[in-house]
Amino acid sequence: MKKITTLVLMVLCSFLAVQNAQAQFIKAGVGLMYGSEIERLGIRADGVYQINEEFRAVVDLGLFFPEEMGNTTLTWWELNANANYIFHADEEQGLTAYALGGLNYTTIKSKFDDGTNTGSASNSEVGLNLGAGVEYGVGFGDLFGELKFVIGDADQLNIGAGVRFPLGN
C-alpha cells in the first residue's frame, strides 16, 4: 500500500509540475526610458515571469546616460521589482494592458575631477512604483510601453518603451 501511495503521489506531482510549466513563461526585454526628474534618456533591461493569466512579476534595471556638468559627472541608475495585474488581454489582436506596482531602488552618484582635486558622493533611495503599460504582440516578440511614477525621495515619472522576447513556452 505504501508503494502504491508513493507512486500515485509521484505521478500526481509530475502531472502538476508539467501543467504548471505550461501555464507559466518567461520573457526578457530591452528598451529605452526617460526620467522626468533627471531629464535624461536611458537604457533598460527586464525579465518577466508570468505567474498566471492575471499576474506576473517583473524585474528591470535601468541606467540613465551620464550627465556632464563642468568637472562633475552625474550617474543615475534604478532597480525595480514590480507586479503586473493584467486587466485586458486580447490574444486575437495581440494586445495586453496592465497596471503595475512595486518597489524602486535608485542610486545617484556624482564624481568631481578638475585635474587637481577629485571626489565623489552617492545617495540611494527606496520608493514605490505605480503605473500602467501595454504590450503588442508582433511576430518576433512583444513591443511594450510603460508609464511609471516613482513615489519617494527620488520622485520622477519614468516613460519606457522597448521589446520583449519569449524565452519559454
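**Close-up views of a predicted model**

**Figure 1. Buried charges around R44 and D46.** With a relative accessibility of 5%, R44 counts as buried, where buried means under 20% relative accessible area, exposed means over 50% and partly exposed lies in between, as found with a 1.4 Å probe on protein chains only. This is a predicted model, in which local features need pLDDT of at least 70 and side-chain atom pairs count only at pLDDT 80 or more, while totals for chains, interfaces and linings use all residues. Residues are numbered from 1 along each chain as its sequence is written, and side-chain values use heavy atoms, with hydrogens and water left out. R44 forms a salt bridge with D46, their closest N and O atoms being 2.8 Å apart; the term salt bridge stands for a side-chain nitrogen of Lys or Arg within 4 Å of a carboxyl oxygen of Asp or Glu. D46 also counts as buried, at 7% relative accessibility.

**Figure 2. R164 and its two carboxylate partners, D46 and E146.** The side chain of R164 meets that of D46 in a salt bridge with an N to O distance of 3.0 Å. R164 belongs to strand β9 (residues 156-166) and D46 to strand β2 (residues 40-50), so this pair ties together parts that are 118 residues apart in sequence; strands here are DSSP runs of E with at least two residues, helices are runs of H or I with at least four, and both are numbered from the N terminus. A further salt bridge joins the side chains of R164 and E146, at 3.4 Å from N to O. This second pair again links distant parts of the chain, with R164 in strand β9 and E146 in strand β8 (residues 141-151), 18 residues apart. R164 is buried, with 0% relative accessibility, and E146 is buried as well, with a relative accessible area of 6%. R164 also lies over the face of F144, at 3.9 Å from the ring centre, a charge being placed over a ring if NZ of Lys or CZ of Arg is within 6 Å of the ring centre and within 35 degrees of the ring normal.

**Figure 3. The salt-bridge network.** K27, R44, D46, R56, D60, E135, D142, E146 and R164 are linked to one another in a network of salt bridges, and a search of the whole structure finds ten salt bridges. R56, a member of this network, lies over the face of Y98, at 4.6 Å from the ring centre.

**Figure 4. The aromatic pair of F55 and Y85.** Rings of Phe, Tyr and Trp (its six-membered ring) pair if their centres lie within 6.5 Å, and planes under 30 degrees apart count as stacked, those over 60 as edge-to-face and the rest as tilted. By this rule the count comes to four aromatic pairs. One of them, formed by F55 and Y85, is tilted, with 5.3 Å from centre to centre and 50° between the planes. F55 lies in strand β3 (residues 55-64) and Y85 in strand β5 (residues 72-90), so the pair ties together parts that are 30 residues apart in sequence. F55 counts as partly exposed at 37% relative accessibility, and Y85 counts as partly exposed at 37%.

**Figure 5. The nonpolar core with M33.** M33, I38, F64, W76 and A154 make up the largest nonpolar core, which has five residues; such a core is a set of buried Ala, Val, Leu, Ile, Met, Phe, Trp, Tyr and Cys residues joined through side-chain atoms within 4.5 Å. Not counting residues up to four places away in sequence, M33 touches several residues, among them L41, I43, F64, E78 and I159, contact meaning heavy atoms within 4.5 Å.

**Figure 6. The surroundings of N104 and V48.** N104 is found in strand β6 (residues 95-113) and is buried, with a relative accessible area of 2%. Its side chain makes polar contacts with the side chains of N80, at 2.8 Å, and of T106, at 2.6 Å; a polar contact is a pair of N or O atoms within 3.5 Å, of which, within protein, one must be able to donate a hydrogen and the other to accept it, and residues adjacent in sequence count only if both atoms are side-chain atoms. Leaving aside neighbours within four places in sequence, the contacts of N104 include E78, L79, E125 and V150. V48 is found in strand β2 and counts as buried at 2% relative accessibility. With the equivalent neighbours within four places left aside, V48 is in contact with F25, I26, K27, R56, A57, V58 and R164.
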